[in-house]
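Good morning, colleagues. I would like to take a few minutes to go through one structure with you. Please look at the sequence and the structure first, and then I shall begin.

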Amino acid sequence: VTERGLTRGTCNTIDDWRDLAACRGKPTAWWFPDRGDTFELVLARRVCAGCPVRSECLAFALGEPDIEGVWCGMTAQQRRRMRPV
Ligand code: SF4
């Protein structure tokens, strides 16, 4: 599994949900937009909105405080706000 979670990893439980990820095969840049690039962010969020493994994706991303990029349609900053202090 890459840091972006967009490629297939080894065969274990944590990777199973990734096989169903709607972002698989899509341009990775959409999930890692340059600062201020709202167009790519919108594209990523559209794909995430229809993804069948949103909850698994978000749970994983919330457990990885240093992970960058858009996960479950949320930026790193938005995910930081969701974490307990
Ligand atoms: S919710 Fe978005 S980032 Fe997460 S697996 Fe689905 S498409 Fe990919």
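**An aromatic cluster and its surroundings**

Let me begin with three rings: Trp17, Phe60 and Trp71 are linked into a cluster by ring pairs. Before I go further, I should say that this is a predicted model. The structure holds 3 aromatic pairs, and I shall describe two that involve Phe60.

In one of the pairs, Trp17 and Phe60 are tilted with respect to each other, with 6.0 Å from centre to centre and 50° between the planes. Trp17 belongs to the loop between helix H1 (13-16) and H2, whereas Phe60 sits in helix H3, so this pair ties together parts that are 43 residues apart in sequence. Both Trp17 and Phe60 are buried.

In another pair, Phe60 meets Trp71: the ring centres are 5.4 Å apart and the planes stand at 35°, so this pair is tilted. Here the connection runs from helix H3, which holds Phe60, to the loop between H3 and helix H4 (76-82), which holds Trp71, and so the pair ties together parts that are 11 residues apart in sequence. Is Trp71 buried or exposed? Trp71 counts as buried because its relative accessibility is 3%, and the cut-off for that class is under 20%.

Let me now place the cluster within the chain. The chain contains 4 helices and 0 strands, and its elements, read from the N terminus, run α-α-α-α. Of its 85 residues, 34% are buried. The accessible surface comes to about 5,500 Å², and carbon and sulfur atoms account for 54% of that. As for contacts with a separation of 6 or more, 40% are between residues 24 or more positions apart.

Next, the core. Which residues touch the most other members of the largest nonpolar core? That core has 19 residues, and the ones in question are Trp17, Trp31, Val53, Cys57, Phe60, Val70 and Trp71. Helix H2 (38-49) and helix H3 (54-62) are the elements that give two or more residues to this core. As general background, nonpolar side chains tend to be buried together in soluble globular proteins.

Trp31 deserves a separate word. Leaving out residues up to four places away in sequence, Trp31 touches Cys23, Lys26, Ala44, Val47, Cys48, Gly69 and Val70. From the other side, Lys26 has contacts with Trp31 and Val47 once its neighbours within four places in sequence are set aside. Lys26 is found in the loop between H1 and H2 and is partly exposed, at a relative accessible area of 36%. Lys26 and Val47 are 21 residues apart along the chain, and their C-alpha atoms are separated by 9.0 Å.

I turn now to the ligand. Which residues lie around the ligand? They are Trp17, Ala21, Ala22, Cys23, Trp31, Cys48, Cys51, Arg54, Cys57, Val70, Trp71 and Cys72. By class, this shell divides into 11 nonpolar residues, no polar residue and 1 charged residue. You will recognise Trp17 and Trp71 in the shell as members of the aromatic cluster.

Cys72, another residue of this shell, has a feature of its own in the backbone. Its phi is near 55°, a positive value in a residue other than glycine. Cys72 lies in the loop between H3 and H4 and counts as buried, with a relative accessibility of 8%.

Finally, let us consider Pro52, in the loop between H2 and H3. Is Pro52 buried or exposed? Pro52 is exposed, with a relative accessible area of 59%. Setting aside neighbours within four places in sequence, Pro52 is in contact with Leu20 and Ala22. The C-alpha atoms of Pro52 and Ala22 are separated by 7.3 Å, although the two residues are 30 residues apart along the chain. Ala22 brings us back to the ligand, as one of the residues around it.

To close, I would ask you to keep two points in view: the cluster of Trp17, Phe60 and Trp71, linked by ring pairs, and the shell around the ligand, with its 11 nonpolar residues and 1 charged residue. Thank you for your attention.

How values were computed
Residues numbered from 1 in each chain as written. Predicted model: local features only at pLDDT ≥ 70, side-chain atom pairs only at ≥ 80, totals over all residues. Heavy atoms only, no water. Core = buried A, V, L, I, M, F, W, Y, C linked by side-chain atoms within 4.5 Å. Buried < 20%, exposed > 50% of the residue type's maximum accessible area, 1.4 Å probe, protein only. Contact = heavy atoms within 4.5 Å. Areas by Shrake-Rupley, 256 points an atom, 1.4 Å probe, with all protein chains shown as cover. Near = heavy atom within 4 Å. Nonpolar A, V, L, I, M, F, W, Y, C, P; charged D, E, K, R; others polar. Phe/Tyr/Trp six-rings, centres within 6.5 Å; stacked < 30°, edge-to-face > 60°.
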